[in-house]
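This report looks at a ligand site and at the domains that frame it. Please view the sequence and the model together.

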Amino acid sequence: MSDLRADISLLNFDGLNPRMLDQSPHRLGSVGVIGMGYVGLPTAVEFHRAGFEVIGMDVDAKRLAAIREGLVDSVSASPDELLDAVNGDGFFLTDEIARVAGADVVIVCVPTPIDSAMVPDTTSLKEACRQVVTHAREGQTIILTSTTFVGCTRSYLAGPLEDRGFRIGRDVFLAFCPERINPGNGTTGLDQVPRIVGGMTPECTAAAAAVVDRITPSLFPVSSPEAAEMAKLVENTFRAVNIALANEFADAARVLEIDTNEVLQAAASKPYGFMPFSPGAGVGGHCIPCDPHYLLWQLRSERVQSPVIDQAMAALASRPVKVVDRAIDLLGQNLRPIRGSRILLVGLAYKPGVEDVRESPALAVAALLRRRGAIISAFDPMVSRLVQDGNGDVIRNGNPPDPDDVDMAIAFTVHPGSDYEWLKRMPLVLDTTYRLDSSPQVVRL
Ligand SMILES: NC(=O)c1ccc[n+]([C@@H]2O[C@H](COP(=O)([O-])OP(=O)(O)OC[C@H]3O[C@@H](n4cnc5c(N)ncnc54)[C@H](O)[C@@H]3O)[C@@H](O)[C@H]2O)c1
């Protein structure tokens, strides 16, 4: 683990005292994690691994039961490690917030989605913060890790804690520390990625840093929760805008009859000032399609325009329509109408190596194709057998089909370690991954 004092002295931030760790009056011991989802569960496992007692709290009893049985996708542990941890000493799972009240540290890790109109839905976050405030006790360190709008830590936690009579930075310690977990990528786990920490006061930053330091390689303290909140939004907005740009270049390359990958790889040979992003069918998961909307929503209320981000998010949201248009076009070239065509979706998860289908472009494409009369089936070895499309209708996810039963396959996600040789026998493949080997029947988006 890193030496926070060394990190801070290198950063030379105003207001941060390199000796503040020594002055932090709180004590470590137990960590309560609220929200045991894709992020909260590995967070809890890491703290348990680091020697803390862990209380994992979630409102979803089914989720807790699945965790107890090891039937969940866990980013930082193998299924056996997960089972050993959650059923071992010092790890408690509960749906009662009061059980978290006694913990030295409380970490809030609940979802921050958007609704169907792309407006942030802060219901879970508000409720979790309300509960944390209700049960807060003196000496506790409270860390918000859910991605959110700028000022959220202050308005949902600091204000209400003060209303209860707590002095922030003296009685309780409060910070925002955004999560950077990257599911499906073995080299960017919790223990491999530096974390930003922004406390309400220097004492709060120190208290939170002392905790998070136990599970991260290094820390980057900032002067306020707002700076940390906005840093997280910048990170994911940067990604969203660049993916939209990569899509635009891919479309341009197709029109100009140039190989997209060759162009992107050539540009990426520049050792500075360029970072490669891959084009695709859109964006999925709980981060890129959602997080920039927290910023846009907030800026709208300030009457501030943000046209680049706005355009990028609109372009990403409409990418599935482009996939459908292209599919209809290709079927038409093969003298097949979309109505009645049998279309296989290859990969329902939003990216390789994960079972997460939230906001997956494949589901939006499925709903749009069905509206046009297509018959949809799917193959994704990581995802459950019944998945709902963007309209809520069920998609059957099964074994690789017979090529005679498919008019067109659309490849969205190709998982590492799975066999896709059968794809070569499909009559027509629309490749939205831009990664399939070229062949006469494989056509890129
Ligand atoms: N998934 C990612 O890759 C990722 C990466 C970085 C950051 N984040 C951020 O982390 C946060 C959590 O994301 P996630 O993917 O883990 O979400 P998730 O939906 O997988 O899990 C959240 C869990 O919180 C539970 N929950 C909801 N309301 C609750 C409440 N009031 N009290 C207790 N539990 C409650 C849900 O039942 C669910 O199990 C989000 O803000 C997200 O933007 C996610």
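## Polar contacts to the ligand

A polar contact here is a pair of N or O atoms within 3.5 Å. The model is a predicted one, and the distances below are computed from it.

Two of the contacts use the protein backbone. A backbone N or O atom of Thr-147 sits 2.9 Å from an oxygen atom of the ligand. At Val-39, a polar backbone atom is 2.9 Å from a ligand oxygen atom. Arg-358 uses its side chain instead: one of its N or O atoms there lies 3.0 Å from an oxygen atom of the ligand. On its own, the ligand has 830 Å² of accessible area, and the protein covers 91% of that.

## The shell around the ligand

How many residues surround the ligand? There are 28. The nearest are Val-39, Asp-58, Thr-112, Thr-147 and Arg-358. Val-39, Thr-147 and Arg-358 thus appear both in this nearest group and in the contacts above.

By class, the shell holds 13 nonpolar residues, seven polar and eight charged. Which helix gives the most to the shell? Helix α6, residues 123–135, does, with three residues.

## Two domains, one site

The domain assignment splits the protein into domain 1 (4–223) and domain 2 (225–445). Each of them supplies at least three residues to the shell around the ligand. By these bounds, Val-39 and Thr-147 fall in domain 1, and Arg-358 falls in domain 2.

## The domain interface

Taken over C-alpha atoms, the centres of domain 1 and domain 2 are 32 Å apart. The domains also touch: 31 residues of domain 1 are in contact with 27 residues of domain 2. About 2700 Å² is buried between domain 1 and domain 2. Carbon and sulfur atoms give 62% of that area.

Technical notes. Residues are numbered from 1 along each chain as its sequence is written. This is a predicted model: local features need pLDDT of at least 70, side-chain atom pairs count only at pLDDT 80 or more; totals for chains, interfaces and linings use all residues. Side-chain values use heavy atoms; hydrogens and water are left out. A residue is near a molecule or strand if one of its heavy atoms lies within 4 Å of it. A polar contact is a pair of N or O atoms within 3.5 Å; within protein, one must be able to donate a hydrogen and the other to accept it, and residues adjacent in sequence count only if both atoms are side-chain atoms. Accessible areas come from the Shrake-Rupley method with a 1.4 Å probe; for residues, only the protein chains shown count as cover. Helices (H or I, at least four residues) and strands (E, at least two) are DSSP runs, numbered from the N terminus. Ala, Val, Leu, Ile, Met, Phe, Trp, Tyr, Cys and Pro count as nonpolar, Asp, Glu, Lys and Arg as charged, and the others, Gly among them, as polar. Domain bounds come from an automatic or database domain assignment. Contact means heavy atoms within 4.5 Å. Buried area is the accessible area (1.4 Å probe) that two parts lose on being put together, summed over both.
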